[in-house]
Number of protein chains: 2
Amino acid sequence: MTFDELLGSRRSVRNYRQDPVSQELITEMINESTLAPNAGNEQPWKFIVINNQAVMKRISDESKRNILARIAANPDDYASRYKTILEKEGYNVFYNAPCLVMILGPARLRNIYADCTLAAAYFMLAAASRGLGTCWVNLGRAIEDQEMLTELGVPDDCDIIAPIALGYPTQIPPVPKRKPPEILKIID
Amino acid sequence: MTFDELLGSRRSVRNYRQDPVSQELITEMINESTLAPNAGNEQPWKFIVINNQAVMKRISDESKRNILARIAANPDDYASRYKTILEKEGYNVFYNAPCLVMILGPARLRNIYADCTLAAAYFMLAAASRGLGTCWVNLGRAIEDQEMLTELGVPDDCDIIAPIALGYPTQIPPVPKRKPPEILKIID
């Protein structure tokens with residue numbers, strides 16, 4: 001697949017087939033993610049792989065609960081736009097994906113958000129190059145329950161930065177409209 | 001170029017030929033950057049293109065000065081490791097690149113850092129797919145001088161997130177060693 005084709009096929013996928021994704025493929029994609037640029041070549045990213053939809057549902061419920069509490073405390077919160085859907089008991093933030101890959105890292109590192117986000121970009125492209133679909137689900141990382149964090153293997157000093165739903169798409173959605181890019185100034 | 005080849009050729013480049021990069025190519029790459037995933041499809045990224053090495057040198061000097069002040073105030077600062085090199089008057093954080101592309105966006109947006117970082121990942125891959133080299137130069141974004149911000153066209157409400165040096169590489173550096181990825185847990 002050329003880069004052009006890849007750019008067209010990497011879409012945020014919200015409807016998945018139920019076929020599992022082999023650990024071999026997931027490991028390959030994680031390996032490719034670690035080729036992303038990162039501050040000082042520290043490669044501080046860590047990964048957790050969840051192939052269990054019951055566990056994913058519990059993460060979804062925990063995260064929804066915490067985001068709704070955040071919205072209640074601050075109606076101006078960015079997530080307020082998702083309030084109605086978050087309140088639906090049946091709504092699963094990971095849709096029906098068979099797999100969830102979380103990218104996380106030590107919160108004390110100054111560049112950890114950028115580094116894990118770069119790895120996430122690579123991971124989503126690596127998935128698209130294999131016909132797999134992904135969706136970065138920001139609504140799925142508000143986990144506060146300490147027991148759940150322990151169960152998932154999240155170290156105490158780490159922030160979950162990119163929870164990425166993964167699976168074979170039922171179809172590749174069309175490219176949503178993009179605005180012309182805002183180039184503020186060209187200095188020659 | 002396949003995705004595999006692209007992964008191997010996207011390296012952080014620190015030595016550039018002096019040939020300019022055409023605005024047509026830069027615009028193409030910026031267009032491709034806007035295909036990156038982003039929160040709520042808001043596409044909040046903005047771009048500034050600088051093809052002037054004198055202006056880039058002034059940005060480098062301003063940023064070095066501010067980072068050195070930050071280090072003086074807090075020796076534990078992440079950038080302390082770069083103190084010796086930052087103190088060298090002749091050191092240019094953008095190396096000898098002929099071009100600098102800055103990705104920036106409104107600081108008030110909750111996900112602006114992630115969104116601009118995703119666009120930056122796409123931009124760096126788009127450059128590699130055209131034989132161009134890039135380097136995300138975090139040491140080049142500490143601009144505080146209001147006159148300079150105005151000259152560059154940085155809106156008051158925006159943070160510069162990714163300053164990316166751009167140009168044709170004198171050579172593609174080899175892939176630096178990567179650690180085996182830390183997969184903390186696989187839950188089946």
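The following paragraphs describe how two chains are arranged in a predicted model, beginning with the relation between them and continuing with the sheets and helices.

Chain A is superposed on chain B by a rotation of 180° with 0.0 Å of shift along its axis, the RMSD being 0.0 Å; that is the relation of a two-fold axis. Among the residues of chain A, the one that comes closest to this rotation axis is A:Thr2, whose C-alpha lies at 2.4 Å. The contact between the chains involves 52 residues of chain A and 52 residues of chain B. On the side of chain A that touches chain B, two or more residues are given by each of the elements α1 (3-9), α2 (23-33), β1 (46-50), α5 (112-128) and β5 of chain A, and α5(A) gives the most, with eight residues. Sorted by character, the residues of this side of chain A comprise 30 that are nonpolar, 14 that are polar and eight that are charged. Of the interface residues of chain A, 100% are also interface residues in chain B, so the copies meet through the same surface.

Strands of both chains take part in the sheets. One open sheet consists of five strands in the order β3(A)-β4(A)-β2(A)-β1(A)-β5(B), with mixed pairing. Its edges are formed by β3 (133-136) of chain A and by β5 of chain B, each of which pairs on one side only, and the twist from one strand to the next averages 20°. Within this sheet, β1(A) is joined by five bridges to strand β2 (residues 99-106) of chain A, the two running antiparallel, and A:Ile48 has A:Met102 as its bridge partner in β2(A). Helix α5(A) packs on the sheet, where it touches β2, β3 and β4 (158-167) of chain A, and its direction makes about 10° with that of β4(A). The pairing that crosses between the chains is that of β1(A) with strand β5 (residues 182-187) of chain B, which is parallel and extends over five bridges; here A:Val49 stands opposite B:Ile186.

A second description applies to the open sheet whose five strands follow the order β5(A)-β1(B)-β2(B)-β4(B)-β3(B), again with mixed pairing. The strands that pair on one side only are β5 (182-187) of chain A and β3 (133-136) of chain B, which are therefore the edge strands. Neighbouring strands are turned against each other by 20° on average, direction ignored. Helix α5 (residues 112-128) of chain B packs on this sheet and touches β2 (99-106), β3 and β4 of chain B, its direction making about 10° with that of β4(B). At one end of the strand order, β3(B) pairs with strand β4 (residues 158-167) of chain B in the antiparallel sense over four bridges, with B:Trp136 standing opposite B:Ile164 in β4(B).

Strand β1(B) pairs with strands of both chains. Five bridges join β1(B) to β5(A), with the two strands running parallel, and the bridge partner of A:Glu182 in β1(B) is B:Lys46. The pairing of β1(B) with β2(B) is antiparallel and likewise involves five bridges, one partnership being that of B:Ile48 with B:Met102 in β2(B). This strand is mostly covered, since five of its five residues are buried. In a regular strand the side chains alternate between the two faces of the sheet. In β1(B), B:Lys46, B:Ile48 and B:Ile50 point one way, whereas B:Phe47 and B:Val49 point the other way, and all of these residues are buried.

Two helices illustrate further packing. In helix α2 (residues 23-33) of chain B, the buried residues are B:Ile26, B:Met29, B:Ile30, B:Glu32 and B:Ser33; seen down the axis of α2(B), they fall within an arc of 160°, so they line one face of the helix. These buried residues pack against α1 and β5 of chain A, as well as against β1 (46-50), β2 and α5 of chain B. In chain A, A:Ala128 has its place in helix α5 and is buried, because 23 other C-beta atoms lie within 10 Å, which is to be set against the 20 or more that define a buried residue. Leaving aside residues up to four places away in sequence, A:Ala128 touches A:Leu6, A:Ser9 and A:Arg10. A:Ala128 and A:Pro169 are 41 residues apart in sequence, while their C-alpha atoms are 10 Å apart in space.

Technical notes: Residues are numbered from 1 along each chain as its sequence is written. Chains are lettered from A and ligands numbered from 1 in the order in which they are written. This is a predicted model: local features need pLDDT of at least 70, side-chain atom pairs count only at pLDDT 80 or more; totals for chains, interfaces and linings use all residues. Axes are lines fitted to C-alpha atoms, for helices over the stretch in contact, and angles run from 0 to 180 degrees between N-to-C directions. Two residues are in contact if their C-beta atoms, placed from the backbone, lie within 7 Å. Ala, Val, Leu, Ile, Met, Phe, Trp, Tyr, Cys and Pro count as nonpolar, Asp, Glu, Lys and Arg as charged, and the others, Gly among them, as polar. Copies are superposed by least squares on the C-alpha atoms of residues with pLDDT of at least 70 in both. A residue is buried if 20 or more other C-beta atoms lie within 10 Å of its own, exposed if 12 or fewer, and partly exposed in between; C-beta atoms are placed from the backbone. The arc is that of the directions from the helix axis to the C-beta atoms.
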